[in-house]
Amino acid sequence: MRKIQMVDLQKQYQEIKQEVDSSIQEVINNCTFINGPTVKQFQANLEKYLEVKHVIPCGNGTDSLQVALMALDLQPGDEVITTTFTFIATAEVIALLKLTPVLVDVYPDTFNIDMDAVEKAITDKTKAVIPVHLFGQCVDMERLMNLAKKHNLYIIEDACQAIGADYHFSNGEIKKAGTIGTIGCTSFFPSKNLGCYGDGGAAFTNDDDLAKKLRGIVNHGMFVRYYHDIVGVNSRLDSIQAAVLDVKLKHLDAYNQRRNEAAAFYNQTFANHENIITPVLGKQTTHVFHQYTLILKNIDRAKVVAYMQEKEIPVMIYYPVPMHLQKAYQDPRYKTGDFPVSEYLSQHVISLPMHTELDPEQLNYITSNFLKAIELAKK
Ligand SMILES: *Cc1c(COP(=O)(O)O)cnc(C)c1O
């Protein structure tokens, strides 16, 4: 059996090696390393795939969130509502721009931002909400967009984990994650569902003026060469990464399908187990399973982790500490106990290997050992 990885990029590369190699070689032959035609081609193909007017490539997912906040002219002290149960980047960019993060809890089943909590957190200082489509399924965007309209808020979707997921509106309209709010953000970090071979990211928007501004901000605030109208940053997707992404974009739906097949096998195997809660699909969304994350009940999680390590099966805890309990984000407004769902989840979740190359033998090995680990770790 092939060694089990959390994400098996090597095997995936072997399957698309010829396409990727020739695509990269072309960039090198042409020496169009920065802002080359490959970047424009990938941008156009991603716009078509997402059915969004503008894709603005940039250096990484964190930058995409930062430039989104910059483009909206948010000022220090403006309140931005987001979830306490997410990867740090979401809160980091709010802090870097000296905006005021307003944290809220998540739903205990989907792990996504709780809309009642969002509604309660809105004040007259609230300017934006950053919903995170955590682990690969969309938050309740219909309700959020209604709230945004009512309270005049910007919505910046953190779609770093959910590229390719569909959101179904009750009027029958279907939109891709990241194309619904004011600006959508994504990451092409290698392990993401659409990952390159280094760093990369992009912002999406249907607003022409915002798109123009975002393109200026990622390029030193420059709209006419060497004339800098606003303070920007340097954040580019390089052409070699775009070459890889343009190849992998063609496979994205198939990749997400394979993730769903692995998830279905896990779900079936763990169904009705008294100690395991399998992922719950939210309303009106599809899932692209960036992560496959379980909740363990009455189980010593550390024992499970140790047993799986012994069997050379990687497992991860996403995320062990919610934002409001992170050292760098200590805030007198928040303390232990304020967000009980996120705190509970951080103590009880575990993520199993999830990628596009899991074969039946590996899945069987993972699940049978996981069930043994659960037996040994019962409290
Ligand atoms: C990966 C990720 C990011 C950051 O992306 P980078 O490309 O690593 O900067 C932001 N938010 C979420 C939810 C992510 O998973």
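Ile276 stands opposite Leu296 in β13, and that contact is a handy way into this predicted model. From there we can walk through two sheets, the salt bridges, the cysteines and a nonpolar patch on the surface.

**The three-stranded sheet**

- Ile276 belongs to the pairing of β12 with β13, two antiparallel strands joined by two bridges.
- These strands are part of an open sheet of three, ordered β12-β13-β14 and paired in the antiparallel sense.
- At its edges are β12 (276-277) and β14, each of which pairs on one side only.
- On the other side of the sheet order, β13 (residues 292-296) meets β14 through four bridges, again antiparallel.
- Within that pairing, Leu294 has Ile350 of β14 as its bridge partner.
- Side chains in a regular strand alternate between the two faces of the sheet.
- In β14 (residues 349-352), Val349 and Ser351 point one way while Ile350 and Leu352 point the other, and all are buried.

**The seven-stranded sheet**

- A second open sheet has seven strands in the order β1-β9-β8-β5-β4-β2-β3, with mixed pairing.
- The edge positions go to β1 (54-58) and β3 (100-104); each has a single partner strand, so one side of each has no neighbour in the sheet.
- Averaged over this sheet, neighbouring strands are turned by 25 degrees against each other, with direction ignored.
- The partner of β3 is β2 (residues 79-83), and the two run parallel with five bridges between them.
- Two of the facing positions are easy to find: Val80 lies opposite Pro101 of β3, and Ile81 lies opposite Val102 of β3.
- Is β3, an edge strand, enclosed or left open by the rest of the structure? Four of its five residues are buried, so β3 is largely enclosed.

**Salt bridges**

- Side chains of opposite charge can pair when their charged atoms come close.
- Across the whole structure, a search gives 19 salt bridges.
- One of them joins the side chains of Lys3 and Glu312, at 3.9 Å from N to O.
- Lys3 sits in the segment before α1 (9-30), and Glu312 in the loop between α10 (301-310) and α11 (340-348), so this pair ties together parts that are 309 residues apart in sequence.
- Lys3 and Glu312 are both exposed.
- Another salt bridge links the side chains of Glu119 and Arg143, with an N to O distance of 3.1 Å.
- Here the connection runs from helix α5 (residues 115-121), which holds Glu119, to helix α6 (residues 141-151), which holds Arg143, 24 residues apart.
- Both ends are partly exposed: Glu119 has 32% relative accessibility, and Arg143 has 26%.
- A further pair is Asp166 with Lys176, whose closest N and O atoms are 3.0 Å apart.
- Asp166 is in strand β6 (residues 166-168) and Lys176 in strand β7 (residues 174-176), ten residues apart.
- Lys176 is buried, at 13% relative accessible area.
- Salt bridges with shared partners also connect Lys11, Glu15, Arg258 and Glu357 into one network.

**Cysteines**

- A disulfide is a covalent bond between the sulfur atoms of two cysteines.
- How many disulfides does a search of the whole structure find? The search finds zero.
- Why is Cys138 without a bond? Its closest cysteine sulfur, in Cys160, is 13 Å away, which is too far.
- Cys138 is buried, with a relative accessible area of 4%.
- Cys185 is in no disulfide either, and its nearest cysteine sulfur, also that of Cys160, lies 6.7 Å away.
- The cut-off for a disulfide is 2.5 Å between the sulfur atoms.
- Cys185 counts as buried, with 0% relative accessibility.

**A nonpolar surface patch**

- Phe223, Val224, Tyr226, Tyr227 and Ile230 make up a nonpolar patch of about 550 Å² on the surface.
- Ile230, one of these residues, is located in the loop between β11 (227-228) and α8 (239-249).
- Is Ile230 buried or partly exposed? Ile230 is partly exposed, with a relative accessible area of 32%.

Technical notes: Residues numbered from 1 in each chain as written. Predicted model: local features only at pLDDT ≥ 70, side-chain atom pairs only at ≥ 80, totals over all residues. Heavy atoms only, no water. Patch = residues over 30% accessible without salt bridge, like charges linked within 9 Å, V, L, I, M, F, W, Y side chains within 5 Å. Areas by Shrake-Rupley, 256 points an atom, 1.4 Å probe, with all protein chains shown as cover. Salt bridge = Lys/Arg side-chain N within 4 Å of Asp/Glu carboxyl O. Buried < 20%, exposed > 50% of the residue type's maximum accessible area, 1.4 Å probe, protein only. Pairing = 2+ DSSP bridges. Axes fitted to C-alpha atoms, helices over the stretch in contact; angles between N-to-C directions.
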